[in-house]
Amino acid sequence: MMELRSRTLLIVALCMLLAACGDTNVVNSIKFVQTIGYDAAKNGVTSSAVIANYEEQGKLKLEFYVTESKSVYDTMPKLNMKLDFPIEYGQLRMALFGDSFARRGIATAIESLIRDPKISARAHIGVADRDALEMLNIAENKRDPYFLSDLLEQNMKFGNLPRMNLHSTFFNYYGSGRDFFLPHFTIERDEIKLDGLALFKGDKYKVKIGVTDSFLLKLLLEDSLNGSIMVPVAGGNQTRQEYFLMNSIKSKPTYKVIRAGYPASIAIHVNLKAQVKDVPQWIDLTSEDELALLEKSIEDYCVKEIQNLISLCKSNEVDPLGLGDLIRSRSKNWDSRQFDKHYKELTTTVVVKARIIRTGASG
């Protein structure tokens with residue numbers, strides 16, 4: 001029995017020794033990139049990386065590195081030449097493209113990111129209204145390597161932005177009859193701010209939409225639970241138009257292809273459950289008639305602005321709603337080039353049915 005036990009312990013010890021000899025990465029000997037930026041350079045790309053250095057328990061120091069290379073493929077080797085430890089993208093949560101880089105085309109960068117098995121498909125990507133390097137320098141002051149991705153995540157979950165990440169961007173880029181969009185960042189009073197979405201045609205940044213249009217796009221793409229806009233209302237003895245704040249509680253869009261041939265026609269219906277609280281003083285939230293007035297105001301405003309948004313997309317030849325993909329699914333002989341040619345002729349009818357289920361009225 002003693003001999004058997006000794007042999008067992010020897011085998012276990014040998015197994016542990018062999019495992020220790022494997023090619024393992026020790027966290028303390030690796031630099032993890034949390035955020036990376038890409039900017040257009042004269043002869044290639046300028047890449048900037050934010051790396052969190054956990055010096056002691058509870059103490060965090062951000063390190064900032066910048067390099068130039070001919071392609072995004074060369075970014076990692078170039079950055080490694082400046083570091084005392086090898087770098088990895090295993091903790092990457094945000095890739096930010098500068099305006100000029102995004103307008104030039106980001107396909108190479110997206111493909112490089114999606115092919116790296118260590119990068120999560122849930123990582124975020126976005127567009128800055130200036131060089132990414134300048135914006136990341138401001139983000140560095142937050143002393144939080146995940147500030148940009150957390151800002152974006154919060155606004156997708158509780159604000160006006162639709163859900164998006166590296167996976168959905170890759171899907172929409174390669175999907176037939178659809179275009180992708182990315183969050184758009186700006187700077188206001190030395191603070192980073194989300195101010196809408198950058199809409200792409202192919203892999204090139206084409207046009208920006210604001211926060212209100214971002215909310216409408218969210219209504220049209222998701223069973224959304226949050227988001228808010230100011231809605232105009234007129235009535236009573238008022239001589240000028242006033243506004244009230246409408247919060248979305250739940251919405252559900254449905255689409256129906258009326259005609260798949262050219263010119264194509266699509267019907268869009270949105271059911272919206274809403275909350276109103278901040279309203280003009282002359283509105284009585286306990287009055288059924290005035291609640292009906294607010295609901296009608298929401299419906300009319302959303303229909304008008306959704307049609308304006310669709311017109312903007314058609315005039316810029318971008319299809320963030322995936323209307324081409326919808327028509328493709330109803331057509332046996334769909335052709336992407338023919339759809340693009342006739343996209344501006346596509347007609348839409350929009351119906352929004354709003355119901356106010358919560359108000360700020362008491363009693």
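Counting cavities of 30 Å³ or more in this predicted model gives one. The largest cavity has a volume of about 70 Å³. To find its walls, look for Thr-35, Val-50, Leu-62, Leu-136, Ala-139, Glu-140, Asp-144, Pro-145, Phe-147 and Leu-148, which make up the lining. Two elements give two or more residues to this lining: helix H5 (132-140) and helix H6 (147-157). Of the elements, H5 gives the most, with three residues. In character, the lining of the largest cavity divides into seven nonpolar residues, one polar residue and two charged residues.

From the cavity, let us turn to how helices pack. Start with helix H4 (residues 107-115) and helix H7 (residues 166-174), whose axes come within 11 Å and cross at roughly 125 degrees. Because of that angle, H4 counts as oblique to H7. The crossing in which H4 passes H7 is left-handed. On the H4 side, the contact is made by Ala-107, Ile-110, Glu-111, Leu-113 and Ile-114. H7 answers with Leu-166, Thr-169, Phe-170, Tyr-173 and Tyr-174. Sorted by type, the residues where H4 touches H7 come to eight nonpolar, one polar and one charged.

A second helix pair is worth a visit further along the chain. Helix H8 (residues 211-221) packs against helix H9 (residues 288-315) at an angle of about 95 degrees, and their axes are 10 Å apart. With that angle, H8 is therefore roughly perpendicular to H9. If you zoom in on H8, the residues to pick out are Thr-212, Asp-213, Leu-216, Leu-217 and Leu-220. They meet Tyr-301, Cys-302, Glu-305, Ile-306 and Leu-309 in H9. The contact of H8 with H9 is made up of seven nonpolar residues, one polar residue and two charged residues.

Finally, let us look at the backbone, where two loops deserve a stop. As background, most residues other than glycine have a negative phi, and most peptide bonds are trans. Arg-189 has a positive phi of about 55 degrees, although this residue is not a glycine. You will find Arg-189 in the loop between strand E7 (181-188) and strand E8 (191-201). The other stop is the peptide bond from Tyr-262 to Pro-263, which is cis, with omega near 0 degrees. Pro-263 belongs to the loop that lies between strand E11 (242-259) and strand E12 (265-276).

Definitions and conventions. Residues numbered from 1 in each chain as written. Predicted model: local features only at pLDDT ≥ 70, side-chain atom pairs only at ≥ 80, totals over all residues. Heavy atoms only, no water. Axes fitted to C-alpha atoms, helices over the stretch in contact; angles between N-to-C directions. Helix = DSSP H or I, 4+ residues; strand = E, 2+ residues; numbered from the N terminus. Parallel < 35°, antiparallel > 145°, perpendicular 65-115°, else oblique. Left-handed = near helix turned anticlockwise from the far one by under 90°. Contact = heavy atoms within 4.5 Å. Nonpolar A, V, L, I, M, F, W, Y, C, P; charged D, E, K, R; others polar. 1 Å grid on protein atoms, 1.4 Å probe; cavity = no way out; pocket = protein on both sides within 12 Å on 5 of 7 lines; lining within 4 Å. Points joined across faces, edges and corners; volume = space filled by probe spheres on them.
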